[in-house]
Amino acid sequence: KSLARRIRVNFRLTDALALPCLGMTFHSVIDSGLFHLWSDEERVEFVNNLGAVLVPGGRYFMLCFSERETRDGPRRLTKAEIRDTFRDGWTINDIQETQFETLIHEGGASAWLATISRNASR
């Protein structure tokens with residue numbers, strides 16, 4: 001619970017490919033380094049699960065490795081792949097170029113920071 005803003009924060013740990021098992025919905029979901037790990041098939045499954053627990057108008061904040069990163073590390077994604085994955089039932093609010101701070105990439109790794117909203121009718 002944040003005392004400074006007097007808001008409640010609810011953190012949950014579960015299988016991201018089984019989010020409805022929480023029996024809850026959320027206004028915001030934060031993903032720092034998960035999305036780029038999924039295979040193409042798992043990404044579709046994840047987005048369906050995400051849509052099941054994010055309220056209409058709710059926002060998904062995602063930080064993932066971008067294709068601009070040339071050093072070793074996990075899978076890289078393009079803006080086009082992000083847009084394509086969230087084409088149905090979602091609105092891409094913003095995708096910004098940024099750095100992903102890691103212990104193995106001096107100066108950070110090239111990344112995308114995306115803000116994506118769930119549409120009211122999905």
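Me: Which residues lie nearest the centre of the largest pocket, and how many residues line this pocket?

Reply: The model is a predicted one. To read a pocket, one begins with the residues of its lining. Here 21 residues line the largest pocket, and N10, R12, S28, V29 and I30 lie nearest its centre. Two elements, β1 and α1 (40-53), each give two or more residues to this lining.

Me: Which element gives the most to the lining of the largest pocket?

Reply: That element is β1, which contributes six residues.

Me: How much space lies in the largest pocket, and how do its lining residues divide into nonpolar, polar and charged?

Reply: A pocket may be described by its volume and by the classes of its lining residues. The largest pocket holds about 720 Å³ of space. Its lining consists of 14 nonpolar, four polar and three charged residues.

Me: How much space lies in the second largest pocket, and which residues are closest to its centre?

Reply: The second largest pocket contains about 230 Å³ of space. Twelve residues line this pocket, and those closest to its centre are V44, V47, D84, T85 and R87. The elements that supply two or more residues to the lining are α1 and α2 (79-85). The largest share, five residues, is that of α1.

Me: How many residues of each class does the lining of the second largest pocket have?

Reply: The second lining has seven charged residues, together with three nonpolar and two polar ones. The two linings may now be set side by side: 14 nonpolar and three charged residues in the largest pocket, against three nonpolar and seven charged residues in the second largest.

Me: What is the general idea behind a salt bridge, and how many are found in the whole structure?

Reply: Side chains of opposite charge can pair when their charged atoms come close. A search of the whole structure finds seven salt bridges. One of them joins E69 to R71, with the closest N and O atoms 2.7 Å apart.

Me: Is E69 buried or exposed?

Reply: The reading rests on relative accessible area, where buried means under 20%. E69 has a relative accessible area of 7%, and therefore counts as buried. Its partner R71 stands at 34%, so R71 is partly exposed.

Me: Which residues meet R87 in salt bridges?

Reply: R87 takes part in a salt bridge with D84, at 2.8 Å from N to O. R87 also meets D88 in a salt bridge, at 3.8 Å from N to O. D84 has 43% relative accessibility and is partly exposed. R87, at 52%, counts as exposed, and D88 is likewise exposed, at 55%. Elsewhere, salt bridges that share partners join D40, R43, R75 and E81 into one network.

Me: Which residues form a nonpolar patch on the surface?

Reply: To read such a patch, one looks for nonpolar side chains that share an area of surface. In this model I7, V9 and F11 form a nonpolar patch, with about 330 Å² of accessible area together. I7 is found in the segment before β1 (26-32). Because its relative accessibility is 42%, I7 counts as partly exposed.

Methods
Residues numbered from 1 in each chain as written. Predicted model: local features only at pLDDT ≥ 70, side-chain atom pairs only at ≥ 80, totals over all residues. Heavy atoms only, no water. Patch = residues over 30% accessible without salt bridge, like charges linked within 9 Å, V, L, I, M, F, W, Y side chains within 5 Å. Areas by Shrake-Rupley, 256 points an atom, 1.4 Å probe, with all protein chains shown as cover. Salt bridge = Lys/Arg side-chain N within 4 Å of Asp/Glu carboxyl O. Helix = DSSP H or I, 4+ residues; strand = E, 2+ residues; numbered from the N terminus. Buried < 20%, exposed > 50% of the residue type's maximum accessible area, 1.4 Å probe, protein only. 1 Å grid on protein atoms, 1.4 Å probe; cavity = no way out; pocket = protein on both sides within 12 Å on 5 of 7 lines; lining within 4 Å. Points joined across faces, edges and corners; volume = space filled by probe spheres on them. Nonpolar A, V, L, I, M, F, W, Y, C, P; charged D, E, K, R; others polar.
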